[in-house]
Amino acid sequence: MIVVTGEGGAFCSGLDLAVVDPDHDDLGVLLEERYRPIIERLAECPKVTIAALNGPAAGAGASLMMACDLVIAMETAFI
């Protein structure tokens, strides 16, 4: 079993758009190269994967959560 959770008050706040340079960075390529491999590995993992939401799951963080087999959320969590 693999449990994925966030540190502090958030599960995952997604990609920090402040680091994206709209003149030089293609957001689609960044998501494809950085996040898709992680999400695919979780979705295809032979072990049971659990997303333990301790706070917001925003943007790519929501995709990360949905790639898991089971989601357990605290009352403070939201998507």
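**Notebook: core, strand E2 and overall build**

I started with the largest nonpolar core, and it holds 12 residues: Val-4, Phe-11, Cys-12, Leu-42, Ala-51, Leu-53, Ala-57, Leu-64, Met-65, Ala-67, Cys-68 and Ala-77. Then I asked which elements give two or more residues to this core. They are strand E2 (49-53) and helix H2 (60-66).

A reminder to myself: this is a predicted model. I checked the confidence before going on, and the mean pLDDT of the protein is 88, with 99% of its residues at 70 or more. Confidence is highest in E2, at 97, and lowest in helix H1 (residues 27-44), at a mean of 87.

**Met-65**

I picked Met-65 out of the core list and looked up what it touches. Skipping residues up to four places away in sequence, I got Phe-11, Ala-51, Leu-53, Val-71 and Ile-79. Of these, Phe-11, Ala-51 and Leu-53 are also on the core list.

**Ala-77**

Next came Ala-77, another core member. I found this residue in the segment after strand E3 (70-73). Leaving out neighbours within four places in sequence, Ala-77 has contacts with Leu-53 and Gly-55. I also took a C-alpha to C-alpha distance: Ala-77 and Ala-52 come out 9.4 Å apart, with their positions 25 residues apart in sequence.

**Thr-49**

Is Thr-49 buried or exposed? Thr-49 counts as buried because its relative accessibility is 0%. Thr-49 sits in strand E2. I listed its contacts, again without neighbours within four places in sequence, and they are Ile-2, Leu-42, Ala-67, Cys-68, Asp-69 and Leu-70. Leu-42, Ala-67 and Cys-68 turn up in the core as well.

**Whole protein**

I stepped back to the layout. I count 2 helices and 3 strands, and from the N terminus on they run β-α-β-α-β. The C-alpha atoms fill a box of roughly 40 × 30 × 15 Å along the principal axes.

How many of the 79 residues count as buried? The share is 30%. For the accessible surface I noted about 5400 Å², and 58% of that belongs to carbon and sulfur atoms.

I also looked at contacts between residues at least 6 apart in sequence, and 55% of them join residues at least 24 apart.

Last, I tallied the charges. There are 4 positive and 12 negative side chains, and the centres of the two sets lie 11 Å apart.

Terms used. Residues are numbered from 1 along each chain as its sequence is written. This is a predicted model: local features need pLDDT of at least 70, side-chain atom pairs count only at pLDDT 80 or more; totals for chains, interfaces and linings use all residues. Side-chain values use heavy atoms; hydrogens and water are left out. A nonpolar core is a set of buried Ala, Val, Leu, Ile, Met, Phe, Trp, Tyr and Cys residues joined through side-chain atoms within 4.5 Å. Buried means under 20% relative accessible area, exposed over 50%, partly exposed in between (1.4 Å probe, protein chains only). Helices (H or I, at least four residues) and strands (E, at least two) are DSSP runs, numbered from the N terminus. Contact means heavy atoms within 4.5 Å. pLDDT is the predictor's confidence in each residue, from 0 to 100. Accessible areas come from the Shrake-Rupley method with a 1.4 Å probe; for residues, only the protein chains shown count as cover. Lys and Arg count as positive and Asp and Glu as negative; His and the chain ends are not counted. The place of a charge is taken as NZ of Lys, CZ of Arg, CG of Asp or CD of Glu.
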